[in-house]
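Reader: I would like to learn how to read a model of this kind step by step, beginning with how its parts touch one another. Could you take me through it, giving the general idea before each case?

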Amino acid sequence: MNKTLVAVLGAGALLLAGCGSDDKADDNHAEACTSFASAQRELVGYGVDGKKTLTLEQFTAAKTEAVESMDSAGLSTTNSDIKSRVDNLVKGIPTDTTQLQISKKQADSFNTNSAAVSRACEAAGTTIVVSKIPIVQFMGP
């Protein structure tokens, strides 16, 4: 009877341990980081490659959608560090995203903040690749 009691108590303890909240298990950072990185690279790509065959309206909408996708990725994560870094990046993106290609200050801020999100994702266990806006001599301040 003593062995049965120990077995029942052991099984109960295991069940109770499974009911606890494990922050790492609840952390959905991987999907958020991956979505963020994809949208970030897309936005940088539009700035570097231009509109190609898109109309101006399509091009503007695509850039806006990329920024909104980055914001959504940040809002979707339960990881507070990633969330705050994405929020900081998105808040710093000018409404006219063309400024990212013509202002050294804007481009540098975007690159720095993108790298900060990448580091937060890496610290949480997800490696992402973000693009950098090239900073060239002819850019304004």
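Author: Let us begin with a term: contact, or packing, is taken here to mean heavy atoms within 4.5 Å. With that in hand, and keeping in mind that this is a predicted model, we can say that the buried residues of α4 pack against α3 and α5.

Reader: Before we go further into α4, which elements does the chain have, and how many of its residues count as buried?

Author: The chain has seven helices and zero strands, and 30% of its 141 residues count as buried. Among the contacts with a separation of 6 or more, 72% join residues 24 or more positions apart. The accessible surface of the chain is about 8900 Å², with 57% of that belonging to carbon and sulfur atoms.

Reader: Which residues of α4 are buried, and how should I read their spacing along the helix?

Author: The general idea is that an α-helix has 3.6 residues a turn, so residues three or four places apart point the same way. In α4 the buried residues are Phe59, Ala62, Lys63, Ala66, Val67, Met70, Ala73 and Gly74. Seen down the axis of α4, these buried residues fall within an arc of 130 degrees, so they line one face of the helix. The face turned away from that buried side carries the exposed residues Glu57, Glu65 and Leu75. As for its length, α4 has 21 residues and reaches 30 Å from its first C-alpha to its last, close to the 30 Å expected at 1.5 Å a residue.

Reader: Where are the buried residues of α5, and what do they pack against?

Author: In α5, the buried residues are Ile82, Val86, Leu89 and Val90. They cover an arc of only 95 degrees around the axis, which puts them on the same side of α5. These buried residues pack against α3, α4 and α7, while Ser80 and Lys91 are exposed on the face of α5 turned away from the buried side. The 13 residues of α5 should span 18 Å at 1.5 Å a residue, and its end C-alpha atoms are indeed 18 Å apart.

Reader: Which residues of the largest nonpolar core touch the most other members, and which helices supply the core?

Author: In general, nonpolar side chains in soluble globular proteins tend to be buried together. Here the largest nonpolar core has 24 residues, and Phe36, Leu43, Met70, Ile93 and Phe110 touch the most other members. The helices α3, α4, α5 and α7 each supply at least two residues of this core, and α3 gives the most, with six residues. Leaving out residues up to four places away in sequence, Met70 touches Phe36, Ala39, Gln40, Leu43, Val86, Leu89, Val90 and Ile93.

Reader: How many aromatic pairs does a search of the whole structure find?

Author: The search finds one aromatic pair. It is formed by Tyr46 and Phe59 and is edge-to-face, with 5.9 Å centre to centre and 85 degrees between the planes. Because Tyr46 lies in helix α3 and Phe59 in helix α4, the pair ties together parts that are 13 residues apart in sequence. Both Tyr46 and Phe59 are buried.

Reader: What of polar residues such as Thr77, Thr126 and Asn113: are they buried or exposed?

Author: The step to take is to compare the relative accessible area with the cut-off, since buried means under 20%. Thr77, in the loop between α4 and α5, is buried with a relative accessible area of 1%. Setting aside neighbours within four places in sequence, Thr77 is in contact with Asp27, Asn28, His29, Ala32, Ile82 and Lys83.

Author: Thr126 lies in the segment after α7 and is buried, at 12%. Its contacts, again leaving aside neighbours within four places, are His29, Ala30, Cys33, Thr34 and Cys121. The C-alpha atoms of Thr126 and Ala32 are separated by 9.8 Å, although these residues are 94 residues apart along the chain. Asn113, in helix α7, counts as buried at 15% relative accessibility, and beyond its neighbours within four places it is in contact with Asn88 and Leu89.

Reader: Finally, what is phi of Lys52, and where does this residue lie?

Author: Most residues other than glycine have a negative phi. Lys52, however, has a phi near 50 degrees, a positive value in a residue other than glycine. Lys52 lies in the loop between α3 and α4 and counts as exposed, at 63% relative accessibility.

Note on methods
Residues are numbered from 1 along each chain as its sequence is written. This is a predicted model: local features need pLDDT of at least 70, side-chain atom pairs count only at pLDDT 80 or more; totals for chains, interfaces and linings use all residues. Side-chain values use heavy atoms; hydrogens and water are left out. A nonpolar core is a set of buried Ala, Val, Leu, Ile, Met, Phe, Trp, Tyr and Cys residues joined through side-chain atoms within 4.5 Å. Buried means under 20% relative accessible area, exposed over 50%, partly exposed in between (1.4 Å probe, protein chains only). Helices (H or I, at least four residues) and strands (E, at least two) are DSSP runs, numbered from the N terminus. The expected span of a helix is 1.5 Å times one less than its number of residues. The arc is that of the directions from the helix axis to the C-beta atoms. Rings of Phe, Tyr and Trp (its six-membered ring) pair if their centres lie within 6.5 Å; planes under 30 degrees apart count as stacked, over 60 as edge-to-face and the rest as tilted. Accessible areas come from the Shrake-Rupley method with a 1.4 Å probe; for residues, only the protein chains shown count as cover.
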